[in-house]
Amino acid sequence: MKQNRKCIAIAGAGRMGRGIAVTFVYQGYDVTILDIKERNKEQFNQLKTETIREIKRQLEILADGGVVPQHSIPAVMNRVKVSPISDPGENRWKQADILFEAVPELIEVKEKVLKQLTSQLSEKSLIASTTSSFSVNELSNFVVNKERFMNTHWLNPAYLIPLIEVSPGDETSEESITDMFQLLEKVGKMPVQCQPSPGFIVPRIQALAMNEASRLVEEGVASVEDIDKASRIGFGLRFAILGLLEFIDWGGADTLYHASNYLHDSLNDDRFIPPEIINHKMADGEIGMKTGKGFYSFEGKDIDEYQMETLRKFMDILKHLGFIGQPVKQK
């Protein structure tokens, strides 16, 4: 990543575009948000006022959390510009080193915006769609110089959630991927790379979990409040420390295998059938920490220390949230 890359353009002034703007502007970048809709002057000025107000509010939230100094907000806001895409006199965005497309999830809108903007940017500028729906290979047909284009799927609120799913296309260059990872890491994000597969990583897992929670309500298994309490405290807390696959290795793929088959038989529903990769791990004896190999290899690892370090992280979270019992004072 070139050290002088300091200009960010964002196409789309909605919630995602504003959240991305906050991420970069308080890290010292100049940001231009491009309004992609045709509006009269009064309508644009209203949108601009709303956008600036929302970005300032998000910065104040960060200030309240001790992330951004309160006194720095006016100077930070000076680095934000909102411009209509149709303004021929506005050229700042054309010098941008990175363009994030954050327009509505309509293919015809994305086609129009990407064709219009990418033809006017420098050939070296990175271009990324924030889509959660369309394949990078489909969208790349609308981009000039496909080697610099990829999807970057941000999670809302974009200025808070560190994870970003980066999905390169078939023609995306390794240099562009490296530059994007370096840029995102520089502003405190944690990018992961995935193939151009529908739903990326998080939305696929999330959709299954949310649908299953809805089915529990539908079937009358528990109340809405208790399902949410169970998912926050029993599910969410553990996966803040252990990834899903790491968690399988902790408990053993055999536990997942038998539990899945039990649910399949008891509920008579094929959605609980374990995937082939779990069947293979059962057959190969690669069921996790207790056999030395699962999704991860534990060869040469100090298991006791690894477990203790993980449990310390759990305790830190539980203590912070007030979810860990305090010892009874001895008389």
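This briefing walks through the sheet and the salt bridges of the structure above. Keep in mind that the model is predicted. The sheet is an open one with eight strands and mixed pairing, and the salt bridges come to 15 in total. Three of those bridges get a closer look below: E54 with R57, E212 with R271, and E309 with K313.

**The sheet as a whole**

- Reading across the sheet, the eight strands come in the order β3-β2-β1-β4-β5-β6-β7-β8.
- At the edges sit β3 (80–84) and β8 (190–193), each with a pairing partner on one side only.
- From one strand to the next, the twist averages 25°.
- As general background, strands of a sheet pair through backbone hydrogen bonds, in either a parallel or an antiparallel sense.

**Around β2**

- β2 pairs with β1 (residues 7–11) through five bridges, and the two strands run parallel.
- To get from β1 to β2, the chain passes through helix α1 (residues 15–25), making a right-handed β-α-β crossover.
- β2 also pairs with β3, again over five bridges and in the parallel sense.
- I33 is a handy residue to click on: I10 stands opposite I33 of β2, and I33 in turn stands opposite V82 of β3.
- Why is β2 largely enclosed by the rest of the structure? Five of its six residues are buried, so there is little mystery here.
- Helix α2 lies across β2 (30–35) and β3, running at about 155° to β3.

**Further along the sheet**

- Strand β4 (residues 98–101) and strand β5 (residues 126–129) run parallel and are joined by four bridges.
- For a concrete pair there, look at I98, whose bridge partner in β5 is L126.

**Salt bridges within a helix**

- Helix α2 (residues 41–64) holds both E54 and R57, three residues apart, or about one turn of the helix.
- The closest N and O atoms of the E54–R57 salt bridge are 3.3 Å apart.
- Buried or exposed, or something in between, for E54? E54 is partly exposed, at a relative accessible area of 22%, and R57 also counts as partly exposed, at 43% relative accessibility.
- E309 and K313 share helix α12 (residues 303–321), sitting four residues apart, again about one turn of the helix.
- In the E309–K313 salt bridge, the closest N and O atoms are 3.9 Å apart.
- Both of these residues are partly exposed: E309 has a relative accessible area of 38%, and K313 has a relative accessibility of 40%.

**A salt bridge between distant parts of the chain**

- The side chains of E212 and R271 meet in a salt bridge, at 2.7 Å from N to O.
- Which parts of the chain does this pair link? E212 belongs to helix α7 (residues 202–218), while R271 sits in the loop between α10 (253–267) and α11 (276–284), and the two are 59 residues apart.
- E212 is partly exposed, with a relative accessible area of 22%, and R271 is partly exposed as well, at 33%.
- This pair doesn't stand alone, as E212, R215, D269 and R271 are linked in a network of salt bridges.

Conventions. Residues are numbered from 1 along each chain as its sequence is written. This is a predicted model: local features need pLDDT of at least 70, side-chain atom pairs count only at pLDDT 80 or more; totals for chains, interfaces and linings use all residues. Side-chain values use heavy atoms; hydrogens and water are left out. A salt bridge is a side-chain nitrogen of Lys or Arg within 4 Å of a carboxyl oxygen of Asp or Glu. Buried means under 20% relative accessible area, exposed over 50%, partly exposed in between (1.4 Å probe, protein chains only). Two strands pair if DSSP finds at least two bridges between them. Axes are lines fitted to C-alpha atoms, for helices over the stretch in contact, and angles run from 0 to 180 degrees between N-to-C directions. Contact means heavy atoms within 4.5 Å. A crossover is right-handed if, with the strands pointing away from the viewer, the path from the first strand over the helix to the second runs clockwise.
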